[in-house]
Amino acid sequence: MRNLHGLVSFTEVATAGSFTGAAAKLNLTPAAVSKNVARLEAQLGVRLFNRSTRQVHLTEEGERLRERTAPALRALDEAVSEISQARGGAVGRVRISVGVSFGRQYVLPLLPAITAANPELQVDVSLDNRPVDMLAEGFDIVIRGGVIEESSLVARRIARLPLVLLASPEYLRDRGVPVAPADLAGHDLLGVRLPGGGEIPWRFRRPGGRGSFQIPLRARLWLSDPEALLGLACDHAGIAQAGLHHAMPHLRAGRLKVVLHEQHDASEREIVLHYPHRLYLAPRVRVTVDALLAGLAGNRDLHARPDTLPQSLLA
């Protein structure tokens, strides 16, 4: 492969967004990285980056080159990782992208045991709710709601994520307990705004099992993070819709109660773990995937169901 150093430097600059960040990753000086990229640009006869004093942006040609080279360089990295198997197991770095709330509540607590069991394994976690391009951004594992339609990825379902409506006992004492969806018009509602600007609808079952309907959500407050939303609900700010898996600690502690339990449609989503589909998956990735799935499978809060909640957790 011609000018491998230039391609590696180019890819790391594109990922980090700066020559300094790429230099730190590659254990080189920024000047050396810049020289590698300049040689690659001279070899190709095109400009790959538009540079300013503070920012680096890919040109159109740079975008095309990254799309083609990122998978190839990842394949080389996997090949090197496979060789490490002969040294006795998981060696190297695993990059994980996971949503902020789910990562904090369910993924981060599992990592100390994983790294303790694999002393030569390094885990690099990005807590972010934005959509990611797994291959282009160099993640080994992505955990998100729903299934990414990408044939080159493996999707392993972690759990279903039913939704519930929640409010604090103090709020319900002061404002009353809603007994029908129409009653919500007289309450303060708390909504979640998704990264793309959309919202998750509040849906309710029709009598007799004849489908469902949704109500217009006229929320008093909007948030982008489920943890913050539940924090407001615990502070008696109103009624919120959230995943039961996020709410369980607050329900057990008595800080929240489930409302409209029988009418609310859980609108079950699912949380999925994705990783690259390769015949020879690197040991560092396989070990991490297996440990995460085993740990998440054993978490009772993550697999709680609305229809099995004890009466003490309902309003």
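**Note on the predicted model: helix pair, two sheets and the largest pocket**

1. In this predicted model, helix α2 (residues 19–26) packs with helix α3 (residues 30–44) at an angle of about 105°, and their axes are 8 Å apart. Angles from 65 to 115 degrees count as roughly perpendicular, so α2 is roughly perpendicular to α3.

2. The contact between these helices involves Phe-19, Thr-20, Ala-22, Ala-23 and Leu-26 of α2, which meet Pro-30, Val-33, Ser-34 and Val-37 of α3. By class, the residues of the contact of α2 with α3 are 7 nonpolar and 2 polar, with no charged residue.

3. One open sheet has 5 strands in the order β4-β3-β5-β14-β6, and its pairing is mixed. Its edge strands, each paired on one side only, are β4 (121–127) and β6 (153–161). From one strand to the next, the twist averages 20°.

4. Within that sheet, β3 (residues 92–98) and β5 run parallel and are joined by 3 bridges. Ser-97 stands opposite Val-142 in β5. Helix α5 packs on the sheet and touches β3, β4, β5 and β14. The direction of α5 makes about 125° with that of β3.

5. Another open sheet, also with mixed pairing, has 5 strands in the order β11-β8-β12-β7-β13. Here β11 (221–223) and β13 (257–259) are the edge strands, each pairing on one side only. Neighbouring strands of this sheet are turned by 40° against each other on average, with direction ignored.

6. In the sheet that begins with β11 in the order above, strand β8 (residues 189–192) runs parallel to β11, and 3 bridges join them. Val-192 has Leu-223 in β11 as its bridge partner. Helix α9 (residues 244–252) lies across β7 (163–167), β12 (239–243) and β13, and runs at about 120° to β12.

7. The largest pocket holds about 800 Å³ of space. Its lining has 38 residues, of which Asn-129, Leu-194, Ile-200, Pro-226 and Arg-269 are the closest to its centre. By class, the lining of the largest pocket is made up of 21 nonpolar, 12 polar and 5 charged residues.

8. Which elements supply the lining of the largest pocket? At least two residues each come from α5 (100–107), β5 (141–145), β8, α8 (226–234), β12, α9 and β14 (269–276). Strand β5 gives the most, with 4 residues. Several of these elements appear in the points above: β5 and β14 are strands of the sheet in point 3, while β8 and β12 are strands of the sheet in point 5.

Terms used: Residues are numbered from 1 along each chain as its sequence is written. This is a predicted model: local features need pLDDT of at least 70, side-chain atom pairs count only at pLDDT 80 or more; totals for chains, interfaces and linings use all residues. Side-chain values use heavy atoms; hydrogens and water are left out. Two strands pair if DSSP finds at least two bridges between them. Axes are lines fitted to C-alpha atoms, for helices over the stretch in contact, and angles run from 0 to 180 degrees between N-to-C directions. Contact means heavy atoms within 4.5 Å. On a 1 Å grid over the protein atoms alone, a cavity is a set of points where a 1.4 Å probe fits but cannot get out, and a pocket is an open set with protein on both sides within 12 Å along at least five of seven lines; lining residues have an atom within 4 Å of a point. Grid points are joined across faces, edges and corners, and a volume is the space filled by probe spheres set on the points. Ala, Val, Leu, Ile, Met, Phe, Trp, Tyr, Cys and Pro count as nonpolar, Asp, Glu, Lys and Arg as charged, and the others, Gly among them, as polar. Angles under 35 degrees count as roughly parallel, over 145 as roughly antiparallel, 65 to 115 as roughly perpendicular and the rest as oblique.
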